[in-house]
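Visitor: I have a model open and would like to talk through a few of its details. Could you bring it up on the screen?

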Amino acid sequence: MLLTDEEKRMLGGEYCPGIQRSIDLLVKLGESFDAERLVPISYGHISYDFSPEEFWDLMTEGVPPTPHRVTTHPSNSPEIWKEWGLPLADNWVGEHERKLKRYKELGWLRTETCAEYLLGIFPRKGDIVPMGGSCMQVANNSLFGAKVDRMGVLVSLAAAVCGRTPLMGLLLPENRFASHLVELDDLDVTDWTMTHYHCLGYYIGDQVPGFKPVVVNGLPPRLPFDYARALVISMPTSGAVTLAHIVGTTPEAPTLEEATGDKRPEQVIRVGKREMRETWERLNVWEDDTVEHVAFGCPHSTIDEIGRIAALLEGKKVKTTLLIGASAPVEALARRQGWADTIEKAGGLFLPVCPSIGNPFTRADIAGDKQAKSAATNSARSAHYIASVGGVKVFFGTEEECVNAAITGRWKGKMPKWK
Amino acid sequence: MRQRGHHGKVERKNAKMEIRAHMVSAGKAEGEALVYNGPFAFLGDLSPVTGLICMPRHKLEGQSLVKKVFVFTTGKGSSGCDFAAWAAKKNGNVPAAIICLESEPVLSGACITTGIPAVDRPEKNVLELIKTGNHVRVDADAGIIEFEGK
């Protein structure tokens, strides 16, 4: 790989051990994919709570504050978990506090969200933003036209430390054309909610081999943001899709021809009523109708989603625990609208946590004997991870069905009438 | 050396086979092969506590990857596969080496950060030629896979 003089100094250990180890990792990864060189990044995004402490210490050893911006994924909140009476919260305090202290020394921003485009931190078309978190990788690539390659959480820390990333994969324009085409087969989407788009994305992700770019054809143009986001972020849950074009909605897909680069797709995936019905069934993993927890905000809620949940909860009380994963700034806006108060009066809770993999109510290693044994969610991604990581029963349905479940403690969700 | 084949016939075992491949992650290792014709995710498929495949209904559910040469198609799943691999490695619960048809950046990053020797793009179809139980040597630095095939 061709390195600049500055990069050679970084690799030679002239700065500090953290930079040396980080660039060594980037060079090795780049060379294994025949990358010609490293390129500067627009900004970086990491997860300190998901990084093992030993790795975090090795990669940040001696590293001074970086000149480029770095942001972070949802974080743990063990002090708040304690306030909520979750028995094993104490186990999480020490490591979290140590890593957070170092994070702040580096001058990095405490965005603590998997949806930081909602905070006004989003890439422009063509910006190079290496990051951990497959959900924001696919959102930034697809919805904003950023250049984000598939990348692991540990490697994203190395890229953030160095301000560089290997020139490979989806950073190269020729690799961004869709090779897999999705066509809707006699599906009327007129009455679809966000949850229906989650279900469609989950099916598609499962059908695409590896992380080949996909294009979805046949949806209404200028799809609302919440719907487009739900569709693309569900794909890397059931598979590894990192770039998904939507014809008429996403920036690299004004037409089908532009999304495919005028090439014949390697595979056409057809989605009809049967596929939607089977996927909806597959996302529902439960035996009796008792609901103990309701999770919203995977990915972190938009202000519109919070507004809809508040309207449904107005004057009501919940029987289950109800968690909304949202970034602090979006929660602050919800508070100014009066929506946060409505939700909290009903018994709902806000936290900038990952409500799926890191949901404190469904994780036995946080909630201990208070772990919820069943959870309802409007997100396919959340359903997948709450079931597999938390090992609890999962109900998948619309926002309205989930709010009703929170109020009654019973699941009355129905299979949609696919038209 | 003689071995009893699938249909009760006595078959001769052939001499050593060598296949060239492309280095993903440096190092040399050897062990018993475990061959799986599908993709793999360190996060979700492998228990870092036991080293066993823990994904419910997985074809290899309950089988150990520890000290094996794991042969499969490609990587898949969460970008957290690398920290899951790190946790498994700390417990000594990772394969000795990895051979896959075509790697992807999360799998490659996981192997490089945790120091698991790995190769991909083998010149011959390793999923057919290597059998579970074969003794396999992987020299990732030289890009060579060696095993006793039949």
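Visitor: To start, is A:Arg124 buried or exposed?

Guide: A:Arg124 is exposed, because 11 other C-beta atoms lie within 10 Å; a residue is exposed at 12 or fewer other C-beta atoms within 10 Å of its own, buried at 20 or more and partly exposed in between, with C-beta atoms placed from the backbone. This is a predicted model, in which local features need pLDDT of at least 70 and side-chain atom pairs count only at pLDDT 80 or more, while totals for chains, interfaces and linings use all residues. Residues are numbered from 1 along each chain as its sequence is written, and chains are lettered from A and ligands numbered from 1 in the order in which they are written.

Visitor: Where does A:Arg124 lie in chain A?

Guide: A:Arg124 lies in the loop between helix 5 (93–105) and helix 6 (134–144) of chain A, where helices are DSSP runs of H or I with at least four residues, strands are E runs of at least two, and both are numbered from the N terminus. The C-alpha atoms of A:Arg124 and A:Gly145 are 7.1 Å apart, although 21 residues separate the two along the chain.

Visitor: And how many helices and strands does chain A have?

Guide: Chain A has 17 helices and 13 strands, and 56% of its 419 residues count as buried.

Visitor: Switching to chain B, what is the strand order in the open sheet of eight strands?

Guide: The order in chain B is 3-10-9-5-6-7-8-4, with mixed pairing, where two strands pair if DSSP finds at least two bridges between them. Strand 3 (16–20) and strand 4 (22–25) of chain B stand at the edges with a single partner strand each, so one side of each has no neighbour in the sheet.

Visitor: How many bridges join strand 5 to strand 9 of chain B?

Guide: Five bridges join strand 5 (residues 28–35) to strand 9 (residues 135–139) of chain B, and the two run antiparallel; B:Lys28 has B:Asp139 in strand 9 of chain B as its bridge partner.

Visitor: What about helix 3 of chain B, how many of its residues are buried?

Guide: Helix 3 of chain B is mostly covered, with 10 of its 10 residues buried, including B:Val106, B:Leu107 and B:Ile112.

Visitor: Which residue just after helix 3 of chain B takes a positive phi?

Guide: B:Gly115, just after helix 3 of chain B, has a positive phi of about 75°.
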